[in-house]
Amino acid sequence: MDKIDASSLEIKDKLVYLNRVAKVVKGGKRFSFNAIVVVGDGKGHVGAGLGKANEVPEAIRKAIEQGKKSLIRVAIKDGTIPYEVTGVYGAGRVFLRPAGPGTGVIAGGAVRAVIEATGISNVLTKCIGTSNPHNVVKATLEALSQLKSPEAIAELRGKRAL
């Protein structure tokens with residue numbers, strides 16, 4: 001895949017999950033933070049990042065930076081996805097199905113954040129297995145990265161796109 005330059009896109013970010021983790025040391029507990037952030041331009045580019053730091057804003061900044069480095073291009077057809085697809089990451093499975101105009105984004109939490117950042121306006125989704133935001137976000141991105149445009153599929157088959 002070609003590397004997508006985030007500086008040329010109008011990127012928006014959305015915090016999916018913020019987790020406080022504690023490390024037990026001799027003097028008590030040391031708290032730090034994990035942030036999962038989804039970044040996208042709403043026109044078919046999306047990425048996700050995980051940032052870890054001792055302060056919340058720093059963790060979010062690191063996650064946004066990592067998300068911009070991991071951008072992927074998603075095939076969108078008439079405001080939805082071209083066909084059904086399932087993404088798997090760890091114990092998380094995310095099933096995405098195209099929907100007709102006016103349906104909206106039928107998705108929960110982490111999947112909704114990724115879908116909205118991508119710019120998909122009509123889709124049906126189902127999380128199967130874990131609801132852990134880390135795995136769900138990665139499974140959703142994996143599903144979206146499997147999608148190919150109808151033109152690309154026609155070219156692979158030696159046909160002409162409709």
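**Helix H3 and the sheet it lies across**

Tutor: In this predicted model, helix H3 lies across E5, E6 and strand E8 (123-129), and H3 runs at about 140 degrees to E5.

Student: How do you know that the length of H3 agrees with the expected span of a helix?

Tutor: Use 1.5 Å a residue: the 14 residues of H3 (residues 133-146) should span 20 Å. The end C-alpha atoms of H3 are 20 Å apart, so the value agrees.

Student: What makes Asn132 a cap for the N-terminal end of H3?

Tutor: A side-chain oxygen of Asn132 lies 3.1 Å from the backbone nitrogen of His134. A polar contact needs N or O atoms within 3.5 Å, so 3.1 Å qualifies.

Student: Why are residues such as Val136 and Leu141 called buried?

Tutor: Buried means under 20% relative accessible area. Val136 and Leu141 are among the buried residues of H3, and Pro133 and Ala143 are listed too.

Student: Now the sheet. What makes E5 and E7 edge strands?

Tutor: The sheet is open, with four strands in the order E5-E6-E8-E7 and mixed pairing. Strand E5 (85-89) and strand E7 (105-106) each have a single partner strand, so one side of each is left without a neighbour in the sheet.

Student: How do you know that E5 and E6 pair?

Tutor: Two strands pair if there are at least two bridges between them. Five bridges join E5 to strand E6 (residues 92-98), so they pair, and they run antiparallel. Across these strands, Thr86 stands opposite Phe95 in E6.

Student: And how many helices and strands does the chain have?

Tutor: Four helices and eight strands.

Methods. Residues numbered from 1 in each chain as written. Predicted model: local features only at pLDDT ≥ 70, side-chain atom pairs only at ≥ 80, totals over all residues. Heavy atoms only, no water. Helix = DSSP H or I, 4+ residues; strand = E, 2+ residues; numbered from the N terminus. Expected span 1.5 Å × (residues − 1). Buried < 20%, exposed > 50% of the residue type's maximum accessible area, 1.4 Å probe, protein only. Polar contact = N/O pair within 3.5 Å; in protein donor to acceptor, adjacent residues only side chain to side chain. Contact = heavy atoms within 4.5 Å. Axes fitted to C-alpha atoms, helices over the stretch in contact; angles between N-to-C directions.
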